[in-house]
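Here are a few exercises to work through with the model open beside you. Try each task before reading its solution.

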Amino acid sequence: MQALVVAAHGSHLNPNASDPTYAHADAVRETGAFDEVREAFWKEEPHFREVIRTLESEEVFVVPLFISEGYFTERVIPRELRLEGWDPARWESNGTDASHVTLEATDVGKTIHYCGPVGTHDAMTDVIVQRAERVTGTPDVGDGFGLAVVGHGTERNENSAKAVEYHADRIRRRNRFDEVRALFMDEEPEVDDVTDFFESDDIVVVPLFVADGYHTQEDIPCLLYTS
């Protein structure tokens, strides 16, 4: 038997933060690709620490529903899942191209395939552009517009910013928007200085977050308002 665990952050502040996790898990469940599909969270129940121990399957694929190969995907999730022999170097990644590492959870006799986060997948580049199209209401948005791709960022792990910069660079190379910048909440360059980084009069801001939660609904709009 094979199982899939969708590992996400969750939130104590926003009850809707886990909605995308359940939606994606339900979509996979409906395909019948896995014998078991489970959701697991850092800030909600069911928690990372218990989820593998609730599965009957001996082979488990863990997919982090996170944006980057950062602090949570490299440290928190492997620690809480108690994955023996884990080290971020085993991904052999430059910060944006992790695939998977096969490890053992010997206390329960399970083989764990720990996968890279969904946010570094190349398809996310197209998702960002599609979001910009929805903001402007036109599928041709680009000419005359600047695009700000906004991530969380953190000083705790340099890889946290790499996914945002990676997708911004891929969009920039398409020459669709007049300007493309990667901006952040918790590191430089910061989103509250957004107008300092663009010459364009029209700027589309697309947050690169998994859920429409507190950061996207409260923090980023407030930072933009005061910029």
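## Exercise 1: Two domains and their contact

The domain assignment splits the protein chain of this predicted model into domain 1 (2-119) and domain 2 (121-226). Task: work out how many residues each domain puts into the contact, and how much area the two bury between them.

Solution, step by step:

- Start with the contact: 19 residues of domain 1 and 18 residues of domain 2 take part.
- Next, the spacing: the domain centres, taken over C-alpha atoms, sit 26 Å apart.
- Now the area: about 1,500 Å² is buried between domain 1 and domain 2, and 60% of that is on carbon and sulfur atoms.
- Then ask who contributes on the domain 1 side: Ile67, Tyr71 and Thr96 account for 35% of the area that domain 1 buries against domain 2, more than any other three residues do.

## Exercise 2: What sort of interface?

Task: go through the interface of domain 1 and domain 2 and say how many salt bridges and how many residue pairs in polar contact the rules find.

Solution, step by step:

- Look for salt bridges across the interface: the count is zero.
- Look for polar contacts instead: five residue pairs qualify, with both partners at pLDDT 80 or more.
- Check which element matters on the domain 1 side: helix H3 (residues 71-81) gives the largest share of the side touching domain 2, with three residues.
- Finish with the classes: that side of domain 1 has ten nonpolar, seven polar and two charged residues.

## Exercise 3: Backbone oddities

Most residues other than glycine have a negative phi, and most peptide bonds are trans. Task: find where cis peptide bonds join Glu45 to Pro46 and Glu188 to Pro189, then decide whether Arg82 and Asn175 are buried or exposed.

Solution, step by step:

- Take the Glu45–Pro46 bond: it is cis, with omega about -5°. Pro46 sits in the loop between strand E2 (36-41) and helix H2 (48-51).
- Move on to Glu188–Pro189, also a cis bond, with omega about -10°. Pro189 is in the loop between strand E7 (179-184) and strand E8 (202-207).
- Turn to Arg82, a non-glycine residue with a positive phi near 60°. Arg82 belongs to the loop between H3 and strand E4 (100-105). Its relative accessible area is 31%, so Arg82 is partly exposed.
- End with Asn175, whose phi is positive too, near 55°. The loop between helix H5 (162-172) and E7 holds Asn175. Since its relative accessibility is 67%, over the 50% cut-off, Asn175 counts as exposed.

Key
Residues numbered from 1 in each chain as written. Predicted model: local features only at pLDDT ≥ 70, side-chain atom pairs only at ≥ 80, totals over all residues. Heavy atoms only, no water. Domains from an automatic or database assignment. Contact = heavy atoms within 4.5 Å. Buried area = accessible area lost by both parts, 1.4 Å probe. Salt bridge = Lys/Arg side-chain N within 4 Å of Asp/Glu carboxyl O. Polar contact = N/O pair within 3.5 Å; in protein donor to acceptor, adjacent residues only side chain to side chain. Helix = DSSP H or I, 4+ residues; strand = E, 2+ residues; numbered from the N terminus. Nonpolar A, V, L, I, M, F, W, Y, C, P; charged D, E, K, R; others polar. Buried < 20%, exposed > 50% of the residue type's maximum accessible area, 1.4 Å probe, protein only.
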